[in-house]
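A learner and a teacher go through a protein model step by step. The learner asks how to read each feature, and the teacher answers from the model.

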Amino acid sequence: MDVSPFLRIIYLCYRVLAGLRYRARRRFTLTGLGVVGGFLVAGLMSPDTDNNVAYQAFTPLAALILVSLGWAAFFRGRFQAERRLPRFGTAGHPVKYRVSLRNLTGKTQTGLVLMEDLAHPLPTFVEWRALQVANERRNPSFRFWERRRSPLKLTPAQAREWPVLPVRAQEAVDVELEITPLRRGVLKLAGLWVGRADPLGLVRGLAKVPLPGTLLVLPKRYPLGAIPLPGSSRYQQGGVAFASNVGQSDEFVALRDYRKGDPLRHIHWRSWAKTGKPVVKEFEDEFFVRHALVLDTFTRHDPSDMFEEAVSVAASFACAVGDQESLLDLLFVGPQSYCFTSGRGLAQTDQMLEILAGVRACENRPFADLERLVLGHVAVVSGCICVFVAWDEPRREFVRKLRQLDIPVLVLVIVESGRSARLDPGPMRDDPGRFHVLEAGKAEEALARLT
(Lines give C-alpha, C1' and ligand atoms only; values in the text may rest on other atoms or scores of the structure.)
Protein backbone atom coordinates (compact mmCIF):
# COMPACT_ATOMS: atom_id res chain seq x y z
CA MET A 1 0.00 0.00 0.00
CA ASP A 2 1.41 3.37 -1.05
CA VAL A 3 1.70 5.83 1.80
CA SER A 4 2.10 9.56 1.37
CA PRO A 5 5.57 10.81 2.40
CA PHE A 6 3.82 13.76 4.04
CA LEU A 7 1.97 11.31 6.31
CA ARG A 8 5.24 9.69 7.33
CA ILE A 9 6.69 13.12 8.15
CA ILE A 10 3.69 13.85 10.38
CA TYR A 11 4.16 10.48 12.10
CA LEU A 12 7.87 11.22 12.60
CA CYS A 13 7.01 14.55 14.22
CA TYR A 14 4.48 12.76 16.42
CA ARG A 15 7.11 10.19 17.45
CA VAL A 16 9.62 12.91 18.35
CA LEU A 17 7.17 15.02 20.35
CA ALA A 18 5.55 12.02 22.07
CA GLY A 19 8.98 10.56 22.85
CA LEU A 20 10.15 13.82 24.40
CA ARG A 21 6.96 14.00 26.46
CA TYR A 22 7.41 10.40 27.64
CA ARG A 23 11.04 11.01 28.67
CA ALA A 24 10.28 14.37 30.29
CA ARG A 25 7.67 12.79 32.57
CA ARG A 26 10.26 10.24 33.64
CA ARG A 27 13.14 12.66 34.13
CA PHE A 28 11.32 15.62 35.72
CA THR A 29 9.13 15.69 38.81
CA LEU A 30 5.76 17.47 38.69
CA THR A 31 7.41 20.54 40.22
CA GLY A 32 10.18 20.30 37.66
CA LEU A 33 7.69 20.16 34.79
CA GLY A 34 6.06 23.31 36.16
CA VAL A 35 9.45 25.08 36.26
CA VAL A 36 10.22 23.96 32.67
CA GLY A 37 6.83 25.24 31.56
CA GLY A 38 7.47 28.59 33.21
CA PHE A 39 10.92 28.72 31.61
CA LEU A 40 9.45 28.15 28.13
CA VAL A 41 6.74 30.77 28.63
CA ALA A 42 9.27 33.28 29.92
CA GLY A 43 11.51 32.57 26.94
CA LEU A 44 8.69 33.19 24.48
CA MET A 45 7.69 36.48 26.13
CA SER A 46 11.19 37.77 26.87
CA PRO A 47 11.75 39.64 23.56
CA ASP A 48 8.96 42.10 24.42
CA THR A 49 10.68 43.75 27.38
CA ASP A 50 8.64 46.94 27.08
CA ASN A 51 5.24 45.38 27.78
CA ASN A 52 6.01 42.62 30.30
CA VAL A 53 8.53 41.59 32.94
CA ALA A 54 8.57 37.86 32.05
CA TYR A 55 12.20 38.18 30.95
CA GLN A 56 13.18 38.68 34.60
CA ALA A 57 12.10 35.10 35.38
CA PHE A 58 13.94 33.57 32.43
CA THR A 59 17.44 33.56 33.92
CA PRO A 60 16.52 32.35 37.44
CA LEU A 61 14.42 29.50 36.04
CA ALA A 62 17.21 28.51 33.65
CA ALA A 63 19.67 28.50 36.55
CA LEU A 64 17.38 26.27 38.64
CA ILE A 65 17.04 23.76 35.81
CA LEU A 66 20.78 23.68 35.08
CA VAL A 67 21.70 23.21 38.74
CA SER A 68 19.15 20.39 39.12
CA LEU A 69 20.34 18.66 35.93
CA GLY A 70 23.95 18.87 37.10
CA TRP A 71 23.10 17.49 40.54
CA ALA A 72 21.03 14.61 39.13
CA ALA A 73 23.89 13.61 36.83
CA PHE A 74 25.91 12.49 39.88
CA PHE A 75 23.38 9.81 40.84
CA ARG A 76 25.25 6.51 40.50
CA GLY A 77 23.02 3.86 42.03
CA ARG A 78 23.42 0.18 41.18
CA PHE A 79 20.46 -2.10 41.74
CA GLN A 80 19.14 -5.57 41.06
CA ALA A 81 15.46 -6.39 40.87
CA GLU A 82 13.08 -9.32 40.69
CA ARG A 83 9.56 -8.78 39.37
CA ARG A 84 6.67 -11.10 40.27
CA LEU A 85 4.02 -10.55 37.62
CA PRO A 86 0.63 -12.29 37.65
CA ARG A 87 -0.27 -14.63 34.82
CA PHE A 88 -2.95 -12.38 33.33
CA GLY A 89 -4.15 -8.81 33.35
CA THR A 90 -7.29 -7.21 31.94
CA ALA A 91 -7.43 -4.20 29.65
CA GLY A 92 -8.49 -1.10 31.56
CA HIS A 93 -8.04 -2.66 35.01
CA PRO A 94 -5.05 -1.96 37.29
CA VAL A 95 -2.68 -4.88 37.87
CA LYS A 96 -0.84 -4.98 41.18
CA TYR A 97 2.37 -6.96 41.70
CA ARG A 98 5.52 -6.87 43.79
CA VAL A 99 9.12 -6.06 42.92
CA SER A 100 12.08 -6.95 45.10
CA LEU A 101 14.72 -4.21 44.73
CA ARG A 102 18.27 -4.89 45.98
CA ASN A 103 20.79 -2.12 46.65
CA LEU A 104 24.21 -3.13 45.27
CA THR A 105 26.03 -0.03 46.47
CA GLY A 106 27.94 0.36 49.72
CA LYS A 107 25.64 2.96 51.28
CA THR A 108 22.00 3.36 52.19
CA GLN A 109 19.85 4.75 49.37
CA THR A 110 16.97 7.04 50.34
CA GLY A 111 14.35 9.07 48.50
CA LEU A 112 14.06 6.57 45.64
CA VAL A 113 11.16 6.08 43.26
CA LEU A 114 10.54 3.06 41.02
CA MET A 115 9.09 3.23 37.50
CA GLU A 116 8.36 0.64 34.83
CA ASP A 117 10.08 0.94 31.46
CA LEU A 118 7.71 -0.12 28.69
CA ALA A 119 9.35 -1.89 25.76
CA HIS A 120 7.15 -0.16 23.15
CA PRO A 121 5.53 2.93 24.68
CA LEU A 122 4.57 4.49 21.33
CA PRO A 123 2.36 3.10 18.55
CA THR A 124 3.76 1.82 15.28
CA PHE A 125 3.13 3.69 12.04
CA VAL A 126 0.45 1.17 11.02
CA GLU A 127 -1.45 1.61 14.31
CA TRP A 128 -1.15 5.39 14.20
CA ARG A 129 -2.27 5.56 10.57
CA ALA A 130 -5.25 3.28 11.23
CA LEU A 131 -6.42 5.59 14.01
CA GLN A 132 -6.08 8.65 11.78
CA VAL A 133 -8.13 6.98 9.03
CA ALA A 134 -10.79 5.95 11.55
CA ASN A 135 -10.97 9.52 12.89
CA GLU A 136 -11.28 10.90 9.36
CA ARG A 137 -14.15 8.51 8.65
CA ARG A 138 -15.87 9.38 11.91
CA ASN A 139 -15.43 13.18 11.60
CA PRO A 140 -14.76 14.23 8.00
CA SER A 141 -15.28 17.89 8.82
CA PHE A 142 -12.62 20.39 9.94
CA ARG A 143 -13.82 20.35 13.55
CA PHE A 144 -10.45 19.59 15.07
CA TRP A 145 -11.70 18.90 18.61
CA GLU A 146 -14.07 16.18 17.36
CA ARG A 147 -11.47 14.63 15.10
CA ARG A 148 -9.05 14.03 17.96
CA ARG A 149 -11.60 12.45 20.24
CA SER A 150 -11.25 8.67 20.37
CA PRO A 151 -11.59 6.23 23.29
CA LEU A 152 -9.03 3.88 21.77
CA LYS A 153 -5.72 4.14 23.60
CA LEU A 154 -2.65 3.52 21.47
CA THR A 155 -0.33 3.65 24.48
CA PRO A 156 -0.09 0.04 25.74
CA ALA A 157 -0.24 0.89 29.46
CA GLN A 158 -0.12 3.58 32.13
CA ALA A 159 2.58 3.12 34.75
CA ARG A 160 2.96 5.36 37.78
CA GLU A 161 6.02 6.05 39.88
CA TRP A 162 6.12 4.48 43.31
CA PRO A 163 8.17 5.56 46.34
CA VAL A 164 10.70 3.13 47.78
CA LEU A 165 11.58 2.80 51.44
CA PRO A 166 15.25 3.44 52.38
CA VAL A 167 17.36 0.50 51.22
CA ARG A 168 20.47 -0.41 53.19
CA ALA A 169 23.68 -1.48 51.48
CA GLN A 170 23.45 -4.97 49.95
CA GLU A 171 19.89 -5.42 51.22
CA ALA A 172 16.56 -5.71 49.42
CA VAL A 173 13.14 -4.16 49.92
CA ASP A 174 9.76 -5.14 48.47
CA VAL A 175 7.79 -2.54 46.53
CA GLU A 176 4.18 -2.97 45.37
CA LEU A 177 3.74 -1.58 41.87
CA GLU A 178 0.62 -1.00 39.83
CA ILE A 179 0.28 -0.81 36.06
CA THR A 180 -2.90 -0.30 34.04
CA PRO A 181 -2.88 -2.04 30.63
CA LEU A 182 -4.89 -0.12 28.07
CA ARG A 183 -4.89 -2.67 25.26
CA ARG A 184 -5.34 -6.41 25.09
CA GLY A 185 -2.48 -8.55 23.86
CA VAL A 186 1.05 -9.05 25.11
CA LEU A 187 2.39 -6.18 27.20
CA LYS A 188 6.18 -6.13 27.02
CA LEU A 189 8.25 -4.60 29.81
CA ALA A 190 11.90 -3.73 29.15
CA GLY A 191 13.01 -3.10 32.72
CA LEU A 192 12.79 -0.71 35.65
CA TRP A 193 13.96 2.84 36.27
CA VAL A 194 15.17 3.75 39.74
CA GLY A 195 15.13 7.51 40.25
CA ARG A 196 16.07 9.99 42.93
CA ALA A 197 15.27 13.71 42.81
CA ASP A 198 17.87 16.40 43.33
CA PRO A 199 17.70 18.53 46.54
CA LEU A 200 15.54 21.10 44.75
CA GLY A 201 13.05 18.37 43.79
CA LEU A 202 13.02 19.23 40.09
CA VAL A 203 15.05 16.61 38.20
CA ARG A 204 15.60 12.92 38.85
CA GLY A 205 18.82 11.04 38.48
CA LEU A 206 18.01 7.69 36.87
CA ALA A 207 19.51 4.21 37.00
CA LYS A 208 18.13 1.54 34.68
CA VAL A 209 17.68 -2.06 35.79
CA PRO A 210 17.29 -4.35 32.74
CA LEU A 211 14.47 -6.75 33.55
CA PRO A 212 12.50 -8.03 30.53
CA GLY A 213 9.02 -9.33 31.26
CA THR A 214 5.67 -9.92 29.60
CA LEU A 215 2.08 -9.78 30.76
CA LEU A 216 -0.78 -11.24 28.76
CA VAL A 217 -3.59 -8.69 28.78
CA LEU A 218 -7.04 -10.21 28.33
CA PRO A 219 -9.90 -8.29 26.70
CA LYS A 220 -12.43 -6.45 28.79
CA ARG A 221 -15.37 -8.49 29.99
CA TYR A 222 -18.82 -7.26 30.87
CA PRO A 223 -21.23 -8.90 33.33
CA LEU A 224 -24.13 -10.65 31.65
CA GLY A 225 -27.46 -11.32 33.28
CA ALA A 226 -29.47 -14.49 32.97
CA ILE A 227 -29.53 -14.43 29.17
CA PRO A 228 -31.41 -17.42 27.72
CA LEU A 229 -28.96 -18.65 25.09
CA PRO A 230 -30.41 -20.13 21.91
CA GLY A 231 -30.68 -23.87 21.38
CA SER A 232 -31.17 -27.06 23.38
CA SER A 233 -29.37 -30.40 23.79
CA ARG A 234 -28.34 -32.15 20.61
CA TYR A 235 -26.95 -35.56 19.80
CA GLN A 236 -23.14 -35.50 19.60
CA GLN A 237 -21.61 -38.55 18.00
CA GLY A 238 -18.70 -39.72 20.12
CA GLY A 239 -19.81 -37.42 22.87
CA VAL A 240 -17.35 -38.81 25.40
CA ALA A 241 -14.50 -37.39 23.37
CA PHE A 242 -16.02 -33.94 23.51
CA ALA A 243 -17.31 -33.61 27.06
CA SER A 244 -16.67 -34.53 30.64
CA ASN A 245 -18.55 -37.40 32.18
CA VAL A 246 -21.60 -35.60 33.45
CA GLY A 247 -24.51 -36.26 31.17
CA GLN A 248 -27.92 -37.68 30.47
CA SER A 249 -26.83 -41.06 29.13
CA ASP A 250 -25.86 -43.80 31.57
CA GLU A 251 -24.26 -46.24 29.17
CA PHE A 252 -21.12 -47.61 30.82
CA VAL A 253 -17.95 -47.28 28.73
CA ALA A 254 -14.81 -47.95 30.79
CA LEU A 255 -12.92 -47.35 34.05
CA ARG A 256 -10.40 -44.61 34.66
CA ASP A 257 -8.52 -42.92 37.51
CA TYR A 258 -10.43 -40.52 39.71
CA ARG A 259 -10.18 -36.82 38.83
CA LYS A 260 -11.04 -33.96 41.14
CA GLY A 261 -14.70 -33.08 40.75
CA ASP A 262 -15.93 -36.56 39.75
CA PRO A 263 -19.18 -37.46 41.59
CA LEU A 264 -18.84 -40.04 44.35
CA ARG A 265 -21.65 -42.15 42.89
CA HIS A 266 -19.40 -42.99 39.93
CA ILE A 267 -16.63 -44.52 42.07
CA HIS A 268 -16.03 -48.22 41.30
CA TRP A 269 -15.38 -49.55 44.80
CA ARG A 270 -14.16 -53.02 43.80
CA SER A 271 -11.48 -51.61 41.51
CA TRP A 272 -10.42 -49.17 44.23
CA ALA A 273 -10.02 -52.11 46.64
CA LYS A 274 -7.88 -54.00 44.10
CA THR A 275 -5.63 -51.15 42.95
CA GLY A 276 -5.42 -49.14 46.16
CA LYS A 277 -6.35 -45.89 44.40
CA PRO A 278 -9.73 -44.37 43.54
CA VAL A 279 -11.21 -45.47 40.21
CA VAL A 280 -14.41 -44.17 38.61
CA LYS A 281 -16.76 -45.44 35.94
CA GLU A 282 -16.90 -43.61 32.62
CA PHE A 283 -20.26 -43.06 30.93
CA GLU A 284 -21.17 -41.94 27.46
CA ASP A 285 -22.55 -38.46 27.17
CA GLU A 286 -23.90 -37.93 23.68
CA PHE A 287 -26.65 -35.37 24.31
CA PHE A 288 -25.60 -31.93 25.48
CA VAL A 289 -25.80 -28.25 24.60
CA ARG A 290 -23.13 -26.88 22.30
CA HIS A 291 -23.05 -23.21 21.30
CA ALA A 292 -21.11 -21.55 18.49
CA LEU A 293 -19.67 -18.11 19.29
CA VAL A 294 -19.07 -16.46 15.92
CA LEU A 295 -16.72 -13.46 16.01
CA ASP A 296 -16.70 -11.15 13.00
CA THR A 297 -13.09 -10.10 12.34
CA PHE A 298 -13.71 -8.54 8.94
CA THR A 299 -13.01 -4.85 9.39
CA ARG A 300 -10.83 -2.54 7.33
CA HIS A 301 -9.41 -0.71 10.31
CA ASP A 302 -7.30 -2.35 13.02
CA PRO A 303 -7.17 -1.12 15.71
CA SER A 304 -10.71 0.25 15.86
CA ASP A 305 -13.18 0.91 18.64
CA MET A 306 -15.83 -1.31 17.09
CA PHE A 307 -13.55 -4.30 16.69
CA GLU A 308 -12.19 -4.01 20.22
CA GLU A 309 -15.75 -3.79 21.53
CA ALA A 310 -16.70 -6.87 19.51
CA VAL A 311 -13.83 -8.83 21.07
CA SER A 312 -14.90 -7.70 24.55
CA VAL A 313 -18.49 -8.79 23.91
CA ALA A 314 -17.28 -12.18 22.64
CA ALA A 315 -15.09 -12.55 25.74
CA SER A 316 -18.08 -11.75 27.96
CA PHE A 317 -20.12 -14.52 26.37
CA ALA A 318 -17.16 -16.90 26.56
CA CYS A 319 -17.06 -16.37 30.33
CA ALA A 320 -20.85 -16.65 30.72
CA VAL A 321 -21.19 -19.83 28.66
CA GLY A 322 -18.06 -21.29 30.23
CA ASP A 323 -19.81 -21.28 33.61
CA GLN A 324 -22.63 -23.43 32.25
CA GLU A 325 -22.78 -27.18 31.65
CA SER A 326 -22.28 -26.89 27.89
CA LEU A 327 -19.64 -26.64 25.19
CA LEU A 328 -18.66 -23.42 23.45
CA ASP A 329 -17.04 -23.30 20.01
CA LEU A 330 -15.28 -20.03 19.19
CA LEU A 331 -15.16 -19.54 15.42
CA PHE A 332 -13.35 -16.72 13.63
CA VAL A 333 -11.10 -16.09 10.65
CA GLY A 334 -7.58 -14.69 10.82
CA PRO A 335 -4.64 -15.73 8.66
CA GLN A 336 -6.61 -19.00 8.51
CA SER A 337 -9.92 -20.31 9.84
CA TYR A 338 -10.04 -21.19 13.54
CA CYS A 339 -12.36 -23.21 15.75
CA PHE A 340 -11.61 -23.57 19.47
CA THR A 341 -13.77 -25.56 21.87
CA SER A 342 -14.05 -25.09 25.63
CA GLY A 343 -16.14 -26.43 28.47
CA ARG A 344 -17.04 -29.80 29.99
CA GLY A 345 -13.57 -31.14 30.56
CA LEU A 346 -11.92 -29.58 27.51
CA ALA A 347 -10.20 -26.19 27.33
CA GLN A 348 -11.01 -23.78 30.17
CA THR A 349 -12.37 -20.25 29.93
CA ASP A 350 -8.89 -18.81 30.59
CA GLN A 351 -7.61 -20.50 27.46
CA MET A 352 -10.46 -19.07 25.41
CA LEU A 353 -9.66 -15.59 26.75
CA GLU A 354 -5.99 -16.08 25.86
CA ILE A 355 -7.05 -16.75 22.27
CA LEU A 356 -9.26 -13.67 22.20
CA ALA A 357 -6.39 -11.57 23.59
CA GLY A 358 -4.46 -12.21 20.37
CA VAL A 359 -7.26 -11.91 17.80
CA ARG A 360 -6.54 -9.41 15.04
CA ALA A 361 -8.75 -7.89 12.37
CA CYS A 362 -8.87 -9.68 9.03
CA GLU A 363 -8.55 -7.06 6.29
CA ASN A 364 -7.64 -9.12 3.21
CA ARG A 365 -10.13 -12.00 3.23
CA PRO A 366 -13.86 -12.06 2.33
CA PHE A 367 -16.66 -12.59 4.82
CA ALA A 368 -17.58 -15.71 2.85
CA ASP A 369 -14.65 -17.51 4.55
CA LEU A 370 -16.36 -17.15 7.94
CA GLU A 371 -19.68 -18.24 6.43
CA ARG A 372 -18.13 -21.44 5.06
CA LEU A 373 -16.46 -22.17 8.41
CA VAL A 374 -19.68 -21.82 10.40
CA LEU A 375 -22.01 -23.57 7.94
CA GLY A 376 -19.64 -26.53 7.92
CA HIS A 377 -19.91 -26.71 11.69
CA VAL A 378 -23.62 -26.11 12.37
CA ALA A 379 -24.57 -29.79 12.26
CA VAL A 380 -23.27 -30.25 15.83
CA VAL A 381 -24.27 -26.94 17.44
CA SER A 382 -27.41 -26.14 19.40
CA GLY A 383 -27.36 -22.41 18.59
CA CYS A 384 -25.19 -19.54 17.36
CA ILE A 385 -24.17 -16.32 19.06
CA CYS A 386 -23.03 -13.93 16.31
CA VAL A 387 -21.02 -10.81 17.14
CA PHE A 388 -20.80 -8.60 14.03
CA VAL A 389 -18.95 -5.35 13.32
CA ALA A 390 -21.31 -4.50 10.45
CA TRP A 391 -24.82 -5.38 9.30
CA ASP A 392 -24.59 -5.49 5.52
CA GLU A 393 -26.06 -7.84 2.96
CA PRO A 394 -23.43 -10.65 3.29
CA ARG A 395 -24.03 -10.82 7.06
CA ARG A 396 -27.80 -10.70 6.70
CA GLU A 397 -27.64 -13.49 4.14
CA PHE A 398 -25.44 -15.53 6.48
CA VAL A 399 -28.00 -15.21 9.31
CA ARG A 400 -30.79 -16.06 6.87
CA LYS A 401 -29.04 -19.33 5.96
CA LEU A 402 -28.60 -20.24 9.63
CA ARG A 403 -32.29 -19.73 10.29
CA GLN A 404 -33.25 -21.78 7.23
CA LEU A 405 -31.26 -24.63 8.82
CA ASP A 406 -33.35 -24.22 12.01
CA ILE A 407 -30.35 -22.99 14.01
CA PRO A 408 -31.41 -20.58 16.79
CA VAL A 409 -29.41 -17.35 16.45
CA LEU A 410 -28.57 -14.47 18.80
CA VAL A 411 -27.26 -11.49 16.80
CA LEU A 412 -25.29 -8.59 18.30
CA VAL A 413 -24.14 -5.82 15.96
CA ILE A 414 -21.49 -3.35 17.12
CA VAL A 415 -21.82 0.17 15.68
CA GLU A 416 -19.61 3.24 16.03
CA SER A 417 -19.92 5.47 19.05
CA GLY A 418 -22.56 8.14 18.50
CA ARG A 419 -24.15 6.32 15.57
CA SER A 420 -26.71 4.12 17.24
CA ALA A 421 -29.28 4.57 14.48
CA ARG A 422 -31.88 1.83 14.44
CA LEU A 423 -30.89 -0.95 12.06
CA ASP A 424 -33.29 -3.04 10.03
CA PRO A 425 -33.27 -6.52 11.63
CA GLY A 426 -33.63 -8.12 8.21
CA PRO A 427 -33.90 -11.92 8.68
CA MET A 428 -34.30 -11.37 12.44
CA ARG A 429 -37.41 -9.23 11.96
CA ASP A 430 -39.72 -11.98 13.23
CA ASP A 431 -37.56 -12.46 16.35
CA PRO A 432 -36.52 -8.94 17.44
CA GLY A 433 -35.70 -10.13 20.97
CA ARG A 434 -32.62 -11.88 19.59
CA PHE A 435 -31.32 -8.93 17.55
CA HIS A 436 -29.42 -6.23 19.44
CA VAL A 437 -27.42 -3.18 18.34
CA LEU A 438 -24.58 -2.24 20.71
CA GLU A 439 -22.84 1.12 20.51
CA ALA A 440 -19.05 1.00 20.92
CA GLY A 441 -18.18 2.32 24.37
CA LYS A 442 -21.67 1.60 25.72
CA ALA A 443 -21.85 -2.15 25.23
CA GLU A 444 -21.67 -2.86 28.95
CA GLU A 445 -24.86 -0.89 29.63
CA ALA A 446 -26.65 -2.53 26.70
CA LEU A 447 -25.61 -6.06 27.71
CA ALA A 448 -26.81 -5.46 31.26
CA ARG A 449 -30.29 -4.80 29.87
CA LEU A 450 -30.45 -8.00 27.83
CA THR A 451 -32.83 -10.65 29.11
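The dialogue below goes from the whole chain to a sheet, the nonpolar cores and one residue.

Q: What kind of model is this, and how many helices and strands does the protein have?
A: The model is predicted. Its secondary structure comes to eleven helices and 19 strands.

Q: How many residues are there, and what percentage of them is buried?
A: The protein has 451 residues, and buried residues make up 46% of them. The exposed surface of the protein is about 24100 Å², with 55% of it supplied by carbon and sulfur atoms.

Q: What share of the contacts with a separation of 6 or more comes from residues 24 or more positions apart?
A: Such residues account for 75% of those contacts in the protein.

Q: How do strands of a sheet pair?
A: In general, they pair through backbone hydrogen bonds, either parallel or antiparallel. Here, one open sheet has four strands in the order 1-3-7-5, and the pairing is antiparallel. Strand 1 (79-84) and strand 5 (157-159) stand at the edges with a single partner strand each, so one side of each has no neighbour in the sheet. On average, neighbouring strands of this sheet are turned by 30° against each other, direction ignored.

Q: Over how many bridges do strand 3 and strand 7 pair?
A: Strand 3 (residues 95-103) and strand 7 (residues 172-181) pair over eight bridges, in the antiparallel sense. Val95 stands opposite Ile179 in strand 7.

Q: Which residues have the most contacts inside the largest nonpolar core?
A: They are Leu293, Leu295, Leu356 and Leu412, in a core of 36 residues. Elements that give two or more residues to this core include strand 14 (290-295), helix 8 (349-357) and strand 18 (409-415). Helix 7 gives the most, with ten residues. Another core, of 28 residues, lies apart from this one; Leu112, Leu192, Val209 and Val217 are among its residues.

Q: What is Leu412 in contact with, leaving aside its neighbours within four places in sequence?
A: Its contacts include Phe317, Ile385, Phe388, Leu438 and Leu447.

Q: Is Arg83 buried or exposed?
A: A residue counts as buried when its relative accessible area is under 20%. Arg83 has 13%, so Arg83 is buried. Arg83 is found in strand 1.

Q: Which side chain is joined to that of Arg83 by a polar contact of 3.0 Å?
A: The side chain of Glu116 is. The Arg83 side chain also reaches the backbone oxygen of Leu211 at 3.0 Å. Leaving aside neighbours within four places in sequence, the contacts of Arg83 include Tyr97, Val99, Leu192 and Pro212.

Notes:
Residues numbered from 1 in each chain as written. Predicted model: local features only at pLDDT ≥ 70, side-chain atom pairs only at ≥ 80, totals over all residues. Heavy atoms only, no water. Pairing = 2+ DSSP bridges. Axes fitted to C-alpha atoms, helices over the stretch in contact; angles between N-to-C directions. Buried < 20%, exposed > 50% of the residue type's maximum accessible area, 1.4 Å probe, protein only. Contact = heavy atoms within 4.5 Å. Areas by Shrake-Rupley, 256 points an atom, 1.4 Å probe, with all protein chains shown as cover. Core = buried A, V, L, I, M, F, W, Y, C linked by side-chain atoms within 4.5 Å. Polar contact = N/O pair within 3.5 Å; in protein donor to acceptor, adjacent residues only side chain to side chain.
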